[in-house]
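Got the viewer open and a hand on the mouse? Let's walk through this one stop by stop, selecting as we go.

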Amino acid sequence: SRLKYRYGGFIPLEYATDVEIQTPEFRTTQENVAAFIDRDWNTPVMVQEWGKPICLLGTGNHDSRIKGITTGYFLRNVKF
């Protein structure tokens with residue numbers, strides 16, 4: 001079996017559903033970043049050569065500090 005390299009990164013985001021990066025395709029930054037990674041880092045050629053990327057999106061930390069946020073609202077907010 002051939003040795004595969006791994007690649008990826010950590011992408012910090014302010015809030016899970018922030019709208020700093022909006023496109024015609026998606027409304028939130030989180031959705032747009034995930035779509036970009038899926039299209040540009042998961043191409044068949046790259047996956048064959050490198051394996052699937054390891055990428056962490058750091059979201060939800062700021063959301064937990066919203067005054068009065070409930071557990072249910074927090075969970076709905078960090079899912080997309």
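Below is a tour that begins with the whole chain and then moves through a handful of residues.

**Stop 1: the whole chain**

Before clicking on anything, keep in mind that this is a predicted model. Colour it by pLDDT to begin with: the average for the protein chain is 80, and 91% of the residues score at least 70. Helix H1 is where confidence is highest, at 85, while strand E2 (residues 54-58) has the lowest, at a mean of 74. As a habit for any model like this, don't read the predicted coordinates in detail where pLDDT is low.

Now switch to cartoon view. You should be able to pick out 3 helices and 2 strands, and going from the N terminus they come in the order β-α-α-β-α. Zoom out and turn the chain around: its C-alpha atoms fill a box of roughly 55 × 30 × 20 Å along the principal axes. The radius of gyration is 15 Å, whereas a compact globule of 80 residues would come in near 12 Å. As for burial, 22% of the 80 residues count as buried. Among contacts with a separation of 6 or more, 60% are between residues 24 or more positions apart.

**Stop 2: helix H1**

Select residues 29-41, which make up H1. This helix has 13 residues and spans 17 Å from its first C-alpha to its last, close to the 18 Å expected at 1.5 Å a residue. Show side chains for Thr29, Gln30, Glu31, Asn32, Val33, Ala35 and Ile37, the buried residues of the helix. What do they pack against? Bring up E1, E2 and helix H3 (71-78) and you have the partners.

**Stop 3: Ile37**

Stay in H1 and click on Ile37. Its relative accessible area is 10%, so Ile37 counts as buried. Setting aside residues up to four places away in sequence, Ile37 touches Ile11, Asn42, Cys55 and Leu57. Ile11 falls within strand E1 (8-12), and both Cys55 and Leu57 fall within E2 (residues 54-58). For a distance to try in the viewer, pick the C-alpha atoms of Ile37 and Pro53: the two residues are 16 apart in sequence and 8.8 Å apart in space.

**Stop 4: Thr29 and Thr28**

Slide back along H1 to Thr29. Is this residue buried or exposed? Its relative accessibility is 4%, so Thr29 counts as buried. Look for the polar atom of the Thr29 side chain that sits 3.0 Å from the backbone nitrogen of Ile21. Leaving out residues up to four places away in sequence, Thr29 touches Leu13, Asp18, Val19, Glu20 and Ile21.

Step back one residue to Thr28, in the loop between strand E1 and helix H1. Thr28 is also at 4% relative accessibility, so it counts as buried. Beyond its neighbours within four places in sequence, Thr28 is in contact with Thr17, Asp18 and Ile21. Then display the side chain of Glu31: a polar contact of 2.8 Å joins it to the side chain of Thr28.

**Stop 5: Phe26**

Still in the loop between E1 and H1, select Phe26. At 27% relative accessibility, Phe26 counts as partly exposed. Which residues does Phe26 contact, leaving aside its neighbours within four places in sequence? They are Glu31, Asn32 and Ala35. For a longer reach, draw a line between the C-alpha atoms of Phe26 and Lys79, which are 53 residues apart in sequence and 14 Å apart in space.

**Stop 6: the salt bridge**

How many salt bridges does a search of the whole structure find? The count is 1. To see this salt bridge, select Glu25 and Arg39, whose closest N and O atoms are 2.9 Å apart. Glu25 lies in the loop between E1 and H1 and Arg39 in helix H1, so the pair ties together parts that are 14 residues apart in sequence. Put a surface on and check both ends: Glu25 is partly exposed, at 46% relative accessibility, and Arg39 is partly exposed too, at 45%.

**Last look**

To finish, show the side chains of Thr28, Glu31, Glu25 and Arg39 together. That puts the 2.8 Å polar contact between Thr28 and Glu31 in the same view as the salt bridge between Glu25 and Arg39.

Definitions and conventions: Residues are numbered from 1 along each chain as its sequence is written. Side-chain values use heavy atoms; hydrogens and water are left out. Helices (H or I, at least four residues) and strands (E, at least two) are DSSP runs, numbered from the N terminus. Buried means under 20% relative accessible area, exposed over 50%, partly exposed in between (1.4 Å probe, protein chains only). A polar contact is a pair of N or O atoms within 3.5 Å; within protein, one must be able to donate a hydrogen and the other to accept it, and residues adjacent in sequence count only if both atoms are side-chain atoms. Contact means heavy atoms within 4.5 Å. A salt bridge is a side-chain nitrogen of Lys or Arg within 4 Å of a carboxyl oxygen of Asp or Glu. pLDDT is the predictor's confidence in each residue, from 0 to 100. The expected span of a helix is 1.5 Å times one less than its number of residues. The radius of gyration is taken over C-alpha atoms; the globule rule is 2.2 Å times the number of residues to the power 0.38.
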